[in-house]
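Here is a short walk through the model you have open. Keep the selection panel handy, and follow the stops in order.

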Amino acid sequence: MPKLILRADDLGISEGVNYGIFKAVSDGVISCVGLMSNMPAAEQGYKLVEKVSTCIGLHLNICLGDPVAAPSKIPSLVSEEESFYTSGEINKRMKDTVDLAECVIEIKAQIDRFEQITGKKPDYVDGHAILSPIFFQAVKAVADEQHLFFSMPSFDKKWENENEIYGLELLRFNEDGLYDPREYFEHNLEKINAQYCSVAVFHPGFLDQFILDHSSYTFIRPMECEFLCSEWLEYWIEQNNIEIVDFNNYKDA
């Protein structure tokens, strides 16, 4: 029986997204939720999902909002306003200017904040929105040190082969920044059947002003929320005999 992890990122980014993720977990098929512990809505988001989600990870974030660590300790990560540089600013740089030691400081601070909010260690850790190799190096180093499960599907083939957990193809958006989720699942069915365990990543949520002002993912969020709660997807999973699992089931595979 093919196994599929359905991950929802960005819990805590805003109250609107929090309510959408809650719906995608309680009424839909999401099996893992990633919390952004540095964001002001993180605690509210966790309180919504703590009783309906059995796998809650830490979605480490160094490109949105304010850091948990003191800005003076992580100068390469923050602007003059002492907020993180945006993902657009970081990803367009010709050189990776993220400082490894400073990343470690902020990652450990976000783990501590996660524990303060949830009362436990994260079930997994991963990164949000940027493609800095130095950032991912820091995440892996801290995860190894603290014996946390580092989730890296789609971007690291070695990680996928070692864990037998494989990311599905990255989304391809149309000119409106949307895609057809039914087509996406049908297109990936052969891959899901061929792999031990697959991961599909989503960003369900309801829109609020914060998202409209600070995120490139806007209308995709309510679209994915509705789809993840749809009868079509529930029927598709059942008809294709797919087992929905989470990282707690297979992180030691």
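How many bridges join strand E2 (residues 32–35) to E3, and do they run parallel or antiparallel? Three bridges join them, and the two strands run parallel. This is a predicted model, so treat every stop below as a feature of that prediction.

**Stop 1: strand E3**

Select residues 56–60, which make up strand E3. To see the pairing with E2, show Val-33 together with Ile-56 of E3, which stands opposite. Now look along E3 and check the side chains: Ile-56, Leu-58 and Leu-60 point one way, while Gly-57 and His-59 point the other way. Both sets are buried, and the count for the strand is five buried residues of five.

**Stop 2: the nonpolar core**

Next, select Leu-6, Ile-30, Ile-107, Phe-135, Ile-165, Phe-185 and Phe-247. Of the 76 residues in the largest nonpolar core, these touch the most other members. As background, nonpolar side chains tend to be buried together in soluble globular proteins.

Centre the view on Phe-135 and show what surrounds it. Leaving aside neighbours within four places in sequence, Phe-135 is in contact with Leu-60, Ile-62, Val-98, Cys-103, Ile-107, Gly-127, His-128 and Ile-130. Leu-60 in this list is one of the E3 residues from the previous stop, and Ile-107 is another of the core members just selected.

**Stop 3: strand E6 and its partners**

Move to strand E6 (197–202). Five of its six residues are buried, so the strand is mostly covered. Show E1 (3–11) beside it: six bridges join E1 to E6, and the pair runs parallel. A good pair to pick out is Arg-7 and Val-201 of E6, which stand opposite each other.

Then add strand E5 (residues 166–167), which is joined to E6 by two bridges and also runs parallel to E6. Here Gly-167 has Val-199 of E6 as its bridge partner.

While you are on E6, select Ser-198. Is Ser-198 buried or exposed? Ser-198 counts as buried because its relative accessibility is 0%. Not counting residues up to four places away in sequence, Ser-198 touches Lys-3, Leu-4, Ile-5, Tyr-166, Leu-168, Lys-191 and Ile-192.

**Stop 4: the largest pocket**

Turn on a pocket or surface display. Rolling a probe the size of a water molecule over the atoms shows where empty space is left. The largest pocket has a volume of about 1000 Å³. Of its 42 lining residues, the closest to the centre are Asp-9, His-128, Ala-129, His-203 and Tyr-217. The elements that give two or more residues to this lining are E1, helix H3 (87–91), strand E4 (125–127) and E6. Colour the lining by class and you will find 21 nonpolar, 15 polar and six charged residues.

Two of the central residues deserve a closer look. Select His-203, in the loop between E6 and helix H8 (209–214). With a relative accessible area of 14%, His-203 is buried, because the cut-off for buried is under 20%. Beyond four places in sequence, His-203 is in contact with Asp-9, Asp-10, Tyr-217, Arg-221 and Glu-224.

Then select Ala-129, in the loop between E4 and H5. Ala-129 is partly exposed, at 42% relative accessible area. Its phi is near 75 degrees, a positive value in a residue other than glycine. For context, most residues other than glycine have a negative phi.

**Stop 5: another positive phi**

Jump to Glu-82, in the loop between E3 and H3. Phi of Glu-82 is near 70 degrees, which is also positive. Glu-82 is partly exposed, with a relative accessible area of 46%.

**Stop 6: the second largest pocket**

Where should you look for the second largest pocket, and which elements give two or more residues to its lining? They are helix H5 (133–146) and helix H6 (157–163). H6 gives the largest share of the lining, four residues. The space in this pocket is about 250 Å³. Among the lining residues to select are Phe-136, Lys-140, Phe-150, Trp-159 and Glu-162. By class, the lining has six nonpolar, one polar and five charged residues.

Technical notes: Residues are numbered from 1 along each chain as its sequence is written. This is a predicted model: local features need pLDDT of at least 70, side-chain atom pairs count only at pLDDT 80 or more; totals for chains, interfaces and linings use all residues. Side-chain values use heavy atoms; hydrogens and water are left out. A nonpolar core is a set of buried Ala, Val, Leu, Ile, Met, Phe, Trp, Tyr and Cys residues joined through side-chain atoms within 4.5 Å. Buried means under 20% relative accessible area, exposed over 50%, partly exposed in between (1.4 Å probe, protein chains only). Contact means heavy atoms within 4.5 Å. On a 1 Å grid over the protein atoms alone, a cavity is a set of points where a 1.4 Å probe fits but cannot get out, and a pocket is an open set with protein on both sides within 12 Å along at least five of seven lines; lining residues have an atom within 4 Å of a point. Grid points are joined across faces, edges and corners, and a volume is the space filled by probe spheres set on the points. Ala, Val, Leu, Ile, Met, Phe, Trp, Tyr, Cys and Pro count as nonpolar, Asp, Glu, Lys and Arg as charged, and the others, Gly among them, as polar. Two strands pair if DSSP finds at least two bridges between them.
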